[in-house]
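Me: I would like to learn how to read a protein model feature by feature, beginning with the general idea behind each term and then turning to the case at hand. Could we go through the one shown here?

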Amino acid sequence: MGDWIALAVIALLLLSPLGWRVWKDRQEERALSVRADIQGIIDHCLHGQSMVSVWVTPGSLRRPGRIELSVPSGWEPLLAEVWPAVLASVPGGYELVTMPPRGLRPEGRPMPQTLRRAA
């Protein structure tokens with residue numbers, strides 16, 4: 001009986017990382033599929049490729065997946081144009097987030113440069 005228990009423990013130690021990796025790969029594959037679908041919807045709404053960037057992070061056991069949309073500064077009207085179509089197609093288990101342009105504070109003022117070029 002002790003041999004069977006030892007065999008079961010060894011099998012569990014060997015197969016659990018493999019099962020976790022299979023689950024993780026499926027989550028990442030689904031995130032890539034969601035990204036392709038969202039990018040296709042955006043391209044269709046804007047009649048071609050645009051400056052809207054889509055980044056999808058797969059979910060985990062504790063948190064939902066995340067779809068991030070971002071545009072360069074000054075291109076925010078593009079998000080307003082595609083927002084309804086993208087929101088209608090967000091799959092279950094994902095949250096939709098828009099990211100502010102880099103270099104801007106939430107108040108809309110540019111961030112001060114903290115690093116200076118060497119002479």
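Reply: Helices (H or I, at least four residues) and strands (E, at least two) are DSSP runs, numbered from the N terminus. Read along the sequence, this protein follows the pattern α-β-β-α-β, with two helices and three strands. The model is predicted, so that local features need pLDDT of at least 70 and side-chain atom pairs count only at pLDDT 80 or more, while totals for chains, interfaces and linings use all residues. Residues are numbered from 1 along each chain as its sequence is written, and side-chain values use heavy atoms, with hydrogens and water left out.

Me: How should I read the sheet, and in what order do its strands lie?

Reply: As a general idea, strands of a sheet pair through backbone hydrogen bonds, either parallel or antiparallel. Two strands pair here if DSSP finds at least two bridges between them. In this case the three strands form an open sheet in the order E1-E2-E3, with mixed pairing; the edge strands, each pairing on one side only, are E1 (53–57) and E3 (94–99). For angles, axes are lines fitted to C-alpha atoms, for helices over the stretch in contact, and the values run from 0 to 180 degrees between N-to-C directions. Neighbouring strands of this sheet are turned by 20 degrees against each other on average, with direction ignored.

Me: Which residues stand opposite Leu69 and Glu68 in the pairing of E1 with E2?

Reply: E1 and E2 pair in the antiparallel sense over five bridges; in this pairing Val54 stands opposite Leu69, and Trp55 stands opposite Glu68. On the other side, E2 (residues 65–70) pairs with E3 in the parallel sense over six bridges, where Ile67 stands opposite Leu96 and the bridge partner of Glu68 is Val97.

Me: Which side chains of E1 are buried?

Reply: Buried means under 20% relative accessible area, exposed means over 50%, and partly exposed lies in between (1.4 Å probe, protein chains only). Along E1 the side chains alternate, so that Val54 and Val56 point to one face and are buried, whereas Ser53, Trp55 and Thr57 point to the other and are not. Of the 119 residues of the protein, 21% count as buried.

Me: Where do the helices lie with respect to the strands?

Reply: Contact means heavy atoms within 4.5 Å. Helix H1 (residues 2–45) packs on the sheet, touching E1, E2 and E3, and its direction makes about 160 degrees with that of E1. Helix H2 (residues 76–88) lies across E2 and E3, running at about 175 degrees to E3.

Me: Which residues of H1 illustrate this packing in detail?

Reply: Ala31, in helix H1, counts as buried at 4% relative accessibility and touches Val56, Pro58 and Tyr94, not counting residues up to four places away in sequence. Ala31 and Trp55 are 24 residues apart in sequence and 9.2 Å apart in space, C-alpha to C-alpha. Gln39, also placed in helix H1, is buried with a relative accessible area of 15%, and, leaving aside its neighbours within four places in sequence, Gln39 is in contact with Val52 and Val54.

Me: How do I describe the way H1 and H2 cross, and why are they called oblique?

Reply: Angles under 35 degrees count as roughly parallel, over 145 as roughly antiparallel, 65 to 115 as roughly perpendicular and the rest as oblique. The axes of H1 and H2 come within 9 Å and cross at roughly 135 degrees, and the two helices are therefore oblique to each other. The contact is made by Ile38, Ile41, Ile42 and Cys45 of H1 together with Glu81, Val82, Ala85 and Val86 of H2. For residue classes, Ala, Val, Leu, Ile, Met, Phe, Trp, Tyr, Cys and Pro count as nonpolar, Asp, Glu, Lys and Arg as charged, and the others, Gly among them, as polar; the residues of this contact divide into seven nonpolar, no polar and one charged.

Me: What is the phi of His47, and is this residue buried or exposed?

Reply: His47 has a positive phi of about 60 degrees although it is not a glycine. His47 is placed in the loop between H1 and E1 and is exposed, with a relative accessible area of 76%.
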